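Visitor: I would like a close look at one part of this protein. Please pick a residue and build the picture outward from there.

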Amino acid sequence: MALKRLALVGAYLSVEVKGSDEAPPLLFIHGFPFDHALWRHQLAAFTGWKSIAPDLRGAGASSVPETPSSYSIAGYANDLIHLLDALGIEQTVVCGLSMGGYIIFEMLRRHAARVRAAILCNTKSAADTPEAKRDRDALSVMALEAGSDAVVDKLLPRLLARATFDHKIQTVLEVKRMIACQPVAGIVGALRALRDRPDSTPSLEKIRVPVLAIAGDDDQIAPGAGMEEMAGAIPGARFARIESAGHLAPLEQPPAVNAAIDGFLSGLG
Ligand code: MLT
């Protein structure tokens with residue numbers, strides 16, 4: 001395993017890179033408000049791949065621009081294209097969770113040739129409703145006034161499955177810690193990016209790479225039924241529903257998620 005800090009256009013990204021340079025690349029894109037540790041079980045499992053797991057700008061150990069206007073879904077996607085350039089990678093499989101999925105939609109719109117296949121975990125294609133946009137702004141104010149601990153209290157109840165709260169206290173604590181250590185400016189910037197993201201639904205039918213969509217059966221943020229419908233709109237997409245998983249299925253049910261990813265990757269040839 002190697003943690004690299006790479007200077008890109010407009011940001012430094014901290015990136016965990018694992019596996020041989022000769023192995024096919026697999027880029028993991030975390031959601032909000034997390035960092036690359038969200039993928040720790042997958043980084044441990046996919047040893048036949050060159051796994052690349054960055055902290056997005058404003059998250060983890062990456063640089064944290066102070067102005068919210070420095071953050072957008074297109075900007076995150078551009079950072080990742082610059083990251084692939086810096087690592088000399090022409091094309092990669094991408095695996096993103098929630099906001100990571102929104103970023104994949106952007107990559108597919110603007111940089112489709114860089115994407116070999118896509119794994120969309122716990123995500124959705126629709127833009128925010130007016131009410132959801134107001135909630136983003138309210139959470140930004142709360143984060144600025146009360147810090148990331150207040151963000152933990154607000155978000156946690158909807159992030160994890162009932163089964164995780166009941167039986168996996170270590171996972172609950174891990175998620176709390178991960179959110180609590182995210183920089184407030186990065187949280188506020190990401191909320192702006194999320195609030196202003198485009199509706200990706202019209203572009204689903206234009207996707208031309210193999211896709212696997214993975215849903216949690218107890219995900220309150222990107223419910224399984226909506227994800228199944230989304231997968232149905234993507235030509236040839238596969239769909240997997242993970243039992244006893246909420247919005248963070250890769251962290252809550254790693255064996256089942258890894259089995260779904262493994263089956264998909266094996267079929268890529
Ligand atoms: C995420 O996990 O990235 C967030 O739930 C995305 C969102 O709030 O839309």
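Guide: Here is a close look at Leu265, followed by three backbone spots and the chain as a whole.

This is a predicted model, in which local features need pLDDT of at least 70, side-chain atom pairs count only at pLDDT 80 or more, and totals for chains, interfaces and linings use all residues. Residues are numbered from 1 along each chain as its sequence is written, and side-chain values use heavy atoms, with hydrogens and water left out.

Start with Leu265. This residue sits in helix α11, residues 254-266. Helices (H or I, at least four residues) and strands (E, at least two) are DSSP runs, numbered from the N terminus. Leu265 counts as buried because its relative accessibility is 5%. Buried means under 20% relative accessible area, exposed over 50%, and partly exposed in between (1.4 Å probe, protein chains only). Leu265 touches Leu26, Phe46, Trp49, Val93 and Ile119, leaving aside residues up to four places away in sequence. Here a contact means heavy atoms within 4.5 Å. Now look at Leu3. Leu265 and Leu3 are 262 residues apart in sequence, and their C-alpha atoms are 25 Å apart in space.

Next come the backbone spots. Most residues other than glycine have a negative phi, and most peptide bonds are trans. Phe32 and Pro33 are joined by a cis peptide bond, with omega about -5°. Pro33 lies in the loop between β3 (25-29) and α1 (40-45).

Asn122 is not a glycine, yet its phi is positive, about 45°. Find Asn122 in the loop between β6 (115-121) and α4 (130-146). With a relative accessible area of 0%, Asn122 is buried. Ser244 is not a glycine either, and has a positive phi of about 55°. Its loop runs between β8 (238-242) and α10 (249-252). Ser244 has 31% relative accessibility, so it counts as partly exposed.

Now step back. The protein chain has 11 helices and 8 strands. Of its 269 residues, 56% count as buried. Take the contacts between residues at least 6 apart in sequence: 76% join residues at least 24 apart. The C-alpha atoms fill a box of roughly 50 × 40 × 35 Å along the principal axes.

Last, the confidence. The mean pLDDT of the chain is 97, and 100% of its residues reach 70 or more. pLDDT is the predictor's confidence in each residue, from 0 to 100. Among the elements, strand β1 (residues 2-8) has the lowest mean, 80, and strand β5 (residues 92-97) the highest, 99.
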